[in-house]
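Grab a pencil and work through these exercises with the structure open beside you. Try each task yourself before you read its solution.

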Amino acid sequence: MIGIVDVGGGERGAYGAGVLDWCMEKGVDFDCCVGVSAGAANLSSYMAGQLGRNFAFYTAYSFRAQYMGPGLLARTGEYADLDYIYGTLSNSDGEYPLDYPAMVASGKQFTIVATDAQSALPVYFTMEDMAQDCYDPVKASSALPLVNRPYPVNGRPCFDGGLSDPIPVRKAFEAGCEKVVVVLTRPRDYYRDPARDARAARILSVRYPRIAEALANRAALYNLQLDLAKKYERDGRVLIVAPDSIGEMDTLTKDRDAIEALYAKGLRDAYAIADFLG
């Protein structure tokens, strides 16, 4: 069984969208898909066989005022509207519906990583937690602390999966994969600096103490899992696909030229997958 892990990363997820569009163009078929945050959304379109759908979300829809931005934050208290992205746009009557029947018919295993808002432990949702026009696990996996409130799935409030299992390569192997492609959205030698998360952790500590702790420890966890992925790569069991650089791009950067450049890099770098899978 062959697996793919897409770690997401907000607007940087355009890189993974390029990788997956190349896979669709070339008929590369993964049996097991594990997605975090925007990576889960990317993989949904891949499983549905909707070439170019993710590209439209990154390069067109994300620039709309109702999608994300400071104006939305001022009106609603949330920087990104997950119900608009994965509901209004994506439902069967939406502007660019997710082909959910095709997604189900693909027969692929799908794991969506989120983080329990109270315990800060990872939560792993599957296709059984989704239905036509009900993509709550993807919304929950994408709910960034300070950017969004926790999103409930079956009454269980959750935050972004990157807090508890940012590079879930072990999860893919536990599912039975023999080889795994890991798509990063930062360079392969990028290691997180814990100082980046310190201020946000302090803000969250009053209402979500466990999430604040997870955020404070996120860099150490990400770096540990990156080293694990590299170990598996040396063993020939993993291929890491990552951009050589991302410029000034960050999770919420709205720069169309930079987003399109990252997407193009994903298309280019995905060629390595063919050699890895033989």
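**Exercise 1. Two tyrosines**

Task: Are Tyr100 and Tyr135 buried or exposed? Then work out how their rings are arranged.

Solution. Start with the surroundings: both Tyr100 and Tyr135 are buried. Keep in mind that you're looking at a predicted model.

Next, take the rings. A pair of aromatic rings is described by the distance of the centres and the angle of the planes. For Tyr100 and Tyr135 the centres are 6.0 Å apart and the planes make an angle of 45°. Planes under 30 degrees apart would count as stacked and over 60 as edge-to-face, so this pair is called tilted.

Last, find them in the chain. Tyr100 is in helix H6, while Tyr135 is in the loop between strand S4 (122–125) and helix H7 (136–141). The two are 35 residues apart, and the pair links distant parts of the chain.

**Exercise 2. More rings**

Task: How many aromatic pairs does a search of the whole structure find? Then describe the pair made by Trp22 and Tyr271.

Solution. The search turns up 9 aromatic pairs. In the pair of Trp22 and Tyr271, the centres are 5.2 Å apart and the planes are at 55°, which is again a tilted arrangement.

Now look at where they sit. Trp22 belongs to helix H1 (residues 14–26) and Tyr271 to helix H13 (residues 271–277), so the pair ties together parts that are 249 residues apart in sequence. Trp22 has a relative accessibility of 4%, so it counts as buried.

One more spot to find: Phe57, Tyr61 and Tyr96 make up one aromatic cluster.

**Exercise 3. Charges over rings**

Task: Which ring does Lys171 lie over, and which ring sits under the charged end of Arg256?

Solution. Lys171 lies over the face of Tyr124, at 3.9 Å from the ring centre. For Arg256, look at Phe63: the charged end is over that ring, 4.0 Å from its centre.

**Exercise 4. Salt bridges**

Task: What is the salt-bridge partner of Arg64, and what is the partner of Asp116? Check how exposed the residues of each pair are.

Solution. The structure has 17 salt bridges, and we'll pick out a few.

- Arg64 bridges to Glu95, with the closest N and O atoms 2.8 Å apart. Arg64 is in the loop between helix H3 (53–59) and helix H4 (70–76), and Glu95 in the loop between helix H5 (82–88) and helix H6 (100–105), 31 residues apart. Arg64 has a relative accessible area of 25%, so it is partly exposed. Glu95, at 47%, is partly exposed too.
- Asp116 meets Arg156 in a salt bridge of 2.7 Å, N to O. Asp116 is in strand S3 (residues 109–116) and Arg156 in strand S6 (residues 156–160), so the pair ties together parts that are 40 residues apart in sequence. Asp116 is buried, at 8%, whereas Arg156 is partly exposed, at 39%.
- Arg12, Arg186, Arg196 and Asp250 are joined in a network of salt bridges.

**Exercise 5. Two helices side by side**

Task: What is the angle at which H1 and H12 pack? Name some residues that make the contact.

Solution. Two packed helices are described by the angle between their axes and the distance between the axes. For H1 and H12, the angle is about 40° and the axes are 7 Å apart. H1 passes H12 in a right-handed crossing. On the H1 side, the contact residues include Ala14, Gly18 and Trp22. On the H12 side, they include Ile259, Gly266 and Asp269.

**Exercise 6. Odd backbone angles**

Task: What is the sign of phi at Ala120 and at Asp133? Why is that worth a second look?

Solution. Ala120 has a positive phi of about 65°, and Asp133 also has a positive phi of about 65°. Neither Ala120 nor Asp133 is a glycine. It's worth a look because most residues other than glycine have a negative phi.

Now place them. Ala120 is in the loop between S3 and S4, and at 12% relative accessibility it counts as buried. Asp133 is in the loop between S4 and H7, and at 31% it counts as partly exposed.

Note on methods:
Residues numbered from 1 in each chain as written. Predicted model: local features only at pLDDT ≥ 70, side-chain atom pairs only at ≥ 80, totals over all residues. Heavy atoms only, no water. Salt bridge = Lys/Arg side-chain N within 4 Å of Asp/Glu carboxyl O. Helix = DSSP H or I, 4+ residues; strand = E, 2+ residues; numbered from the N terminus. Buried < 20%, exposed > 50% of the residue type's maximum accessible area, 1.4 Å probe, protein only. Phe/Tyr/Trp six-rings, centres within 6.5 Å; stacked < 30°, edge-to-face > 60°. Lys NZ or Arg CZ within 6 Å of the ring centre and 35° of its normal. Axes fitted to C-alpha atoms, helices over the stretch in contact; angles between N-to-C directions. Left-handed = near helix turned anticlockwise from the far one by under 90°. Contact = heavy atoms within 4.5 Å.
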